[in-house]
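Here is a walk through one protein model, strand by strand and bridge by bridge. Keep the structure open while you read.

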Amino acid sequence: MNLFVPIIVIGVLVLITVLLMITDQLIGGDDKRTVTINDEQVIDVTETDTLLNTLSKEHIYLPSACGGKATCGACKFRLIEGGPEEPLPTETPLLSPEEQANNVRLSCQTKVRSSMKIEVLRELLTAKEYRAKVEKIEDLTYDIKLVRLKLLEPDTMDFKPGQYAQIRVPGLEIERAYSIASNPKDKHHIEFIIRLVPGGKATTFVFKALENNDDIIITGPYGDFFLQEESDRPIICIAGGSGKAPIRSILSVLKDAGMPRKVYYFFGARTQEDLFMTDEFRALEEEFDNFKYIPALSHADDDHEWQGEKGLVTDVVMRYFDDLSNYEAYLCGSPGMIDACISCLGGANLHDEFIYFDKFS
Ligand SMILES: Cc1cc2nc3c(=O)[nH]c(=O)nc-3n(C[C@H](O)[C@H](O)[C@H](O)COP(=O)(O)OP(=O)(O)OC[C@H]3O[C@@H](n4cnc5c(N)ncnc54)[C@H](O)[C@@H]3O)c2cc1C
Ligand code: FES
């Protein structure tokens with residue numbers, strides 16, 4: 001055998017190894033990476049992962065309502081120094097021109113391949129990880145469940161009425177956002193109202209695997225959708241399906257305050273089968289003249305027993321009001337429903353700045 005063949009093979013292998021090491025250094029193998037947050041906290045990074053996951057490993061939980069799928073835009077931060085020069089095409093649809101000009105990025109799409117300095121809103125740094133025990137799972141309709149958790153470690157959570165938490169799905173290690181449906185004054189418990197999405201990872205877990213006494217991990221609280229407690233404007237709430245969750249929390253706080261503001265709550269559903277917690281909201285109506293609960297069914301044409309409102313919830317709202325200029329609105333549900341509501345409320349003179357919403361996307 002020619003003596004030069006093994007030498008050439010070894011030489012080529014050494015060359016490839018050196019090239020791979022250089023490439024790794026160039027695209028992210030630098031073991032001495034750091035992430036500096038708000039010029040205050042410096043974390044060391046050894047693995048190349050997304051910024052969202054890198055921070056989470058350090059117990060800094062940025063909101064990630066879509067679980068890192070680049071659809072919610074909740075995980076934004078500002079890149080001050082280092083990091084990728086341009087946002088990815090997956091980021092730009094969720095960044096306004098001003099945000100792009102200010103170097104705002106999505107942490108779920110940004111890989112930590114080199115040291116970087118970042119800025120994160122201070123209020124986002126308060127979210128924590130909680131271990132909780134399932135205390136109750138109750139069927140509210142054929143596809144909606146109430147899940148009640150007792151917080152174990154830490155055993156209390158401070159949240160604002162309307163905010164959400166994220167459930168971590170064991171095994172898949174993905175997180176999904178669920179609005180908190182309970183009263184913030186009970187800091188030891190969290191309730192969620194969860195609708196099954198056929199084939200959905202988190203909801204299939206909740207509907208098929210989650211049982212009483214199970215331990216689960218949640219993070220939170222998150223979100224800038226919450227009751228404006230300083231305001232004295234009359235309120236219009238519009239929700240569909242599991243969108244009832246944050247509105248229930250908001251109403252629990254208004255109830256405790258003696259319902260000081262006029263509140264109209266429109267709940268959009270398809271048929272009577274999709275209604276739930278009706279007794280709870282009817283009782284609130286009995287207790288307070290200031291509160292009106294208006295369920296509206298979009299598919300009730302043949303339902304002769306139904307005496308309530310029929311039609312799309314937006315049409316029903318417009319039957320009640322011509323002018324909403326002094327109102328404040330809280331909207332929750334599918335993106336399509338919310339967009340339709342925003343446009344119809346705007347048509348009734350409700351100013352954008354007084355329309356608060358969470359899209360369950
Ligand atoms: C701020 C916020 C608060 C939320 N609060 C609640 C809540 O209180 N209760 C609740 O039930 N949900 C809520 N959601 C929605 C929730 O976070 C999940 O998106 C939803 O439960 C689906 O998760 P999944 O893992 O089961 O489905 P995935 O595995 O993520 O999705 C499976 C498929 O279903 C589609 N899909 C995802 N979500 C929906 C949907 N809502 N309707 C129809 N198709 C969908 C996806 O595009 C995908 O094709 C909230 C979302 C946000 C952003
Ligand atoms: S986590 Fe939803 S866009 Fe990043």
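## Backbone oddities first

Ala 70 is buried, with a relative accessible area of 15% (buried means under 20%, exposed over 50% and partly exposed in between, with a 1.4 Å probe and protein chains only). Ala 70 also has a positive phi of about 60 degrees, although it is not a glycine. You'll find Ala 70 in the loop between helix 2 and strand 3 (76-82); helices (H or I, at least four residues) and strands (E, at least two) are DSSP runs, numbered from the N terminus.

Before going on, a word on the ground rules: this is a predicted model, where local features need pLDDT of at least 70 and side-chain atom pairs count only at pLDDT 80 or more, while totals for chains, interfaces and linings use all residues. Residues are numbered from 1 along each chain as its sequence is written, chains are lettered from A and ligands numbered from 1 in the order in which they are written, and side-chain values use heavy atoms, with hydrogens and water left out.

Asn 213 is another non-glycine with a positive phi, of about 75 degrees. Asn 213 is in the loop between helix 4 (201-209) and strand 11 and is exposed at 55% relative accessible area. Most residues other than glycine have a negative phi, and most peptide bonds are trans.

On the peptide-bond side, the link from Glu 153 to Pro 154 is cis, with omega near -10 degrees. Pro 154 belongs to the loop between strand 7 (144-153) and strand 8. Gly 220 and Pro 221 are also joined by a cis peptide bond, with omega about -5 degrees, and Pro 221 lies in strand 11.

## Strand 13 and its neighbours

How many residues of strand 13 are buried? Seven of the seven, across residues 263-269. Val 263, Tyr 265, Phe 267 and Ala 269 point one way, Tyr 264, Phe 266 and Gly 268 the other.

Strand 13 has parallel partners in strand 12 and strand 14. Six bridges join strand 12 (residues 235-240) to strand 13, and Ala 239 stands opposite Phe 267 there. Strand 14 (residues 291-297) pairs with strand 13 over seven bridges, with Tyr 265 opposite Tyr 293. Pairing here takes at least two DSSP bridges between two strands.

Helices link these strands too. Strand 12, helix 5 (residues 244-256) and strand 13 make a right-handed β-α-β unit, and so do strand 13, helix 6 (residues 278-287) and strand 14. Right-handed means that, with the strands pointing away from the viewer, the path from the first strand over the helix to the second runs clockwise.

## The strand 8 and strand 9 hairpin

Strand 8 (residues 164-169) and strand 9 pair in the antiparallel sense over six bridges. Tyr 164 has Ser 179 as its bridge partner in strand 9. Four residues separate the two strands of this hairpin, and Gly 171 in the turn has a positive phi of about 90 degrees. Strand 9 (residues 174-179) is mostly covered, with five of its six residues buried.

## Salt bridges

The count comes to 25 salt bridges, each a side-chain nitrogen of Lys or Arg within 4 Å of a carboxyl oxygen of Asp or Glu. A few of them:

| Pair | Closest N to O distance |
|---|---|
| Glu 129 and Arg 168 | 3.1 Å |
| Arg 168 and Glu 175 | 2.9 Å |
| Glu 287 and Lys 255 | 4.0 Å |

Glu 287 sits in helix 6 and Lys 255 in helix 5, so their pair ties together parts that are 32 residues apart in sequence. Glu 287 is partly exposed at 48% relative accessibility, and Lys 255 is partly exposed at 36%. Elsewhere, salt bridges that share partners join Glu 135, Arg 148, Asp 186, Glu 191, Arg 248 and Glu 280 into one network.

Arg 168 appears in two table rows, with Glu 129 and with Glu 175. Arg 168 is buried at 17% relative accessible area, as is Glu 175 at 12%, whereas Glu 129 is partly exposed at 29%.
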